[in-house]
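The following report examines the fold of one protein chain, with attention to its sheet, its helices and its nonpolar cores.

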Amino acid sequence: MKTAILSVGTEILFGQIVNTNTVYLSQQMNMLGFDVMYHYTVGDNPKRVEEMIDLAFQDCDLILTTGGLGPTQDDLTKEVACKALDDTLVMMDDVLEEITKYFKTLGREMTENNKKQAIMPSRATVFHNDAGTAPGFALEKDGKYIICMPGPPREMKRMFQKSVVPFLQSMIDGALYYRQIRFFGIGESMLETQLLDLIDNQTDPTLATYAKEGECSLRIASKRATEE
């Protein structure tokens, strides 16, 4: 399934944080067998988020988003995703109860705007967040999926492993397996030249060369039902 990763947050565009979420999700999704085709980053602007979702869905059936699920007024990913897949937002009492319990566990006062995080798309599969207050969710319409996760890496990774991976497993028809061979004393151009007959005729497995500091590597990848 063709997949796009959409990172939402003006702080990323300002260079205030390093976007490690995209690297992590690309690695995980490719290993699961999903074809990550695009990376997008957009600020906290609902019009631009909507444009990016529309653009991604032109070539992809699955979009993973991170960020924009917080309690403040500029957290609008959920609202835009809901609109894109033609759903309505509703208050989910069980989600509100989870958020309330989380604040009690921390011994902190829950402000009124945190209730916003319990308002979810009515058709959503909700993903519990046991490391923060922002739940995630999956939403589908006509074979198009959006999976929205919080931006903080600790919260996102826990949610991805505990909830998103099990959700995605029903869509998986194979996983990506690969090996890397490291070369020293040969440049990338020469390595490609010597392997050109294999590279020109590749289907599955695929070959790709990479230049690194002091070495080159060759990635051999294959999408199969099992590693064997």
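A residue is called buried if its relative accessible area is under 20%, exposed if over 50%, and partly exposed in between (1.4 Å probe, protein chains only). The model is predicted: local features need pLDDT of at least 70, side-chain atom pairs count only at pLDDT 80 or more, and totals for chains, interfaces and linings use all residues. Residues are numbered from 1 along each chain as its sequence is written, and side-chain values use heavy atoms, leaving out hydrogens and water.

Helices (H or I, at least four residues) and strands (E, at least two) are DSSP runs, numbered from the N terminus. In helix 5, the buried residues are Val95, Leu96, Ile99 and Phe103. They cover an arc of only 105° around the axis, which places them on the same side of helix 5; the arc is that of the directions from the helix axis to the C-beta atoms. Exposed residues Asp93, Asp94, Lys104 and Thr105 occupy the face of helix 5 turned away from its buried side. The cover over the buried residues of helix 5 includes strand 4 (89-91) and strand 6, where contact means heavy atoms within 4.5 Å. Just after helix 5, Gly107 adopts a positive phi of about 70°.

An open sheet is formed by 6 strands in the order 2-1-3-8-7-6, with mixed pairing; two strands pair if DSSP finds at least two bridges between them. Its edge strands, each paired on one side only, are strand 2 (35-42) and strand 6 (125-127). Strand 1 (residues 2-8) pairs with strand 2 in the parallel sense over 7 bridges, and Ser7 stands opposite Thr41 in strand 2.

Two helices lie across the sheet strands as tabulated; axes are lines fitted to C-alpha atoms, for helices over the stretch in contact, and angles run from 0 to 180 degrees between N-to-C directions.

| Helix | Strands crossed | Angle |
|---|---|---|
| Helix 2 (residues 20-32) | strand 1, strand 2, strand 3 (62-66), strand 8 (144-149) | about 165° to strand 2 |
| Helix 6 (residues 153-168) | strand 3, strand 6, strand 7 (136-141), strand 8 | about 155° to strand 8 |

A nonpolar core is a set of buried Ala, Val, Leu, Ile, Met, Phe, Trp, Tyr and Cys residues joined through side-chain atoms within 4.5 Å. The largest has 28 residues, and those with the most contacts inside it are Leu6, Val49, Ile53, Ile63, Phe137 and Ile146. A second, separate core of 20 residues includes Leu25, Met29, Leu32 and Val165. Val49 touches Leu6, Val8, Val42, Gly43 and Val80, not counting residues up to four places away in sequence.
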